[in-house]
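Thanks for coming. I will take one chain and go through it piece by piece. Please have a look at the sequence and the structure first.

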Amino acid sequence: LHWQKLGQFRKNHPSVGAGIHKQISEKPYVFSRIFTQGNYTDQVVIGLELSKGKKEISVGTIFKNGSKVNDAYSGKTYTVADGKVILDTEFDLVLLEQKK
């Protein structure tokens with residue numbers, strides 16, 4: 001299931017393979033990937049080696065305050081406030097995408 005989730009996220013987001021990488025924080029390791037081609041833009045925020053349970057993820061300027069974002073790994077939806085997302089999941093990985 002883990003590899004299926006990662007594969008689906010990569011398939012849905014060209015920014016994962018072809019985007020520009022920008023570190024948001026070192027500990028925990030959180031980064032964005034942005035891909036732009038013509039009028040098309042894809043942006044994601046990924047967090048690795050996170051604590052399980054409640055966690056706070058800075059999304060930098062990738063997602064605006066008030067935006068709805070989906071954690072593609074847990075399947076939960078969150079709202080960006082003060083440039084961050086507060087999550088409560090049993091996972092140590094976060095795959096954030098703009099909610100469609």
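Let me start at Pro-28, which is located in the loop between β1 (20–25) and β2 (29–37). Strand labels like these come from DSSP runs, numbered from the N terminus: a strand is E over at least two residues, and a helix is H or I over at least four. The peptide bond between Lys-27 and Pro-28 is cis, with omega at about 0°.

Before going further, a word on the source. This is a predicted model, in which local features need pLDDT of at least 70 and side-chain atom pairs count only at pLDDT 80 or more, while totals for chains, interfaces and linings use all residues. Residues are numbered from 1 along each chain as its sequence is written, and side-chain values use heavy atoms, with hydrogens and water left out.

Now the overall layout. The chain contains two helices and eight strands, and in sequence order they run α-α-β-β-β-β-β-β-β-β. The C-alpha trace spans about 40 × 30 × 25 Å along its principal axes. What radius of gyration would a compact globule with 100 residues have? It would be near 13 Å, and the chain has 13 Å, which agrees. That radius is taken over C-alpha atoms, and the globule rule is 2.2 Å times the number of residues to the power 0.38.

On the surface side, the accessible area of the chain is about 6200 Å², and 50% of that belongs to carbon and sulfur atoms. These areas come from the Shrake-Rupley method with a 1.4 Å probe; for residues, only the protein chains shown count as cover. Of the 100 residues, 37% count as buried. Buried means under 20% relative accessible area, exposed means over 50%, and partly exposed is in between, with a 1.4 Å probe and protein chains only.

Contacts are next, where contact means heavy atoms within 4.5 Å. Taking contacts between residues at least 6 apart in sequence, 46% join residues at least 24 apart.

One buried position to look at is Val-44, in strand β3. Its relative accessible area is 0%. Leaving aside residues up to four places away in sequence, Val-44 touches a list of residues including Phe-9, Val-16, Phe-31, Phe-63 and Leu-96. Val-16 belongs to helix α2 (residues 14–18). With the same exclusion of residues up to four places away, Val-16 touches Phe-9, Arg-10, Arg-33 and Val-44. For a sense of distance, the C-alpha atoms of Val-44 and Val-59 are separated by 9.0 Å, and these two residues are 15 residues apart along the chain.

Now the aromatic rings. How many aromatic pairs does a search of the whole structure find? It finds three. In one pair, Tyr-73 and Phe-91, the ring centres are 5.0 Å apart and the planes are at 85°, so this pair is edge-to-face. The rule is that rings of Phe, Tyr and Trp (its six-membered ring) pair if their centres lie within 6.5 Å; planes under 30 degrees apart count as stacked, over 60 as edge-to-face, and the rest as tilted. Tyr-73 is in the loop between β5 (68–71) and β6 (77–79), and Phe-91 is in the loop between β7 (84–89) and β8 (94–98), so the pair links distant parts of the chain, 18 residues apart. Tyr-73 is buried at 10% relative accessible area, whereas Phe-91 is partly exposed at 23%.

Tyr-73 has another partner: the charged end of Lys-5 sits over its ring, 4.5 Å from the centre. For that, NZ of Lys or CZ of Arg has to be within 6 Å of the ring centre and within 35 degrees of the ring normal.

The search of the whole structure also finds one salt bridge, meaning a side-chain nitrogen of Lys or Arg within 4 Å of a carboxyl oxygen of Asp or Glu. The partners are Lys-84 and Glu-56, with the closest N and O atoms 3.5 Å apart. Lys-84 lies in strand β7 and Glu-56 in strand β4, so the bridge ties together parts that are 28 residues apart in sequence. Lys-84 is partly exposed at 26%, and Glu-56 is partly exposed at 48%.

Last, two backbone angles. Glu-49, in the loop between β3 (40–48) and β4 (53–58), has phi near 55°, a positive value in a residue other than glycine. Glu-49 is exposed, at 74% relative accessibility. Asp-82, in the loop between β6 and β7, also has a positive phi, near 55°. Asp-82 is exposed, with a relative accessible area of 66%.
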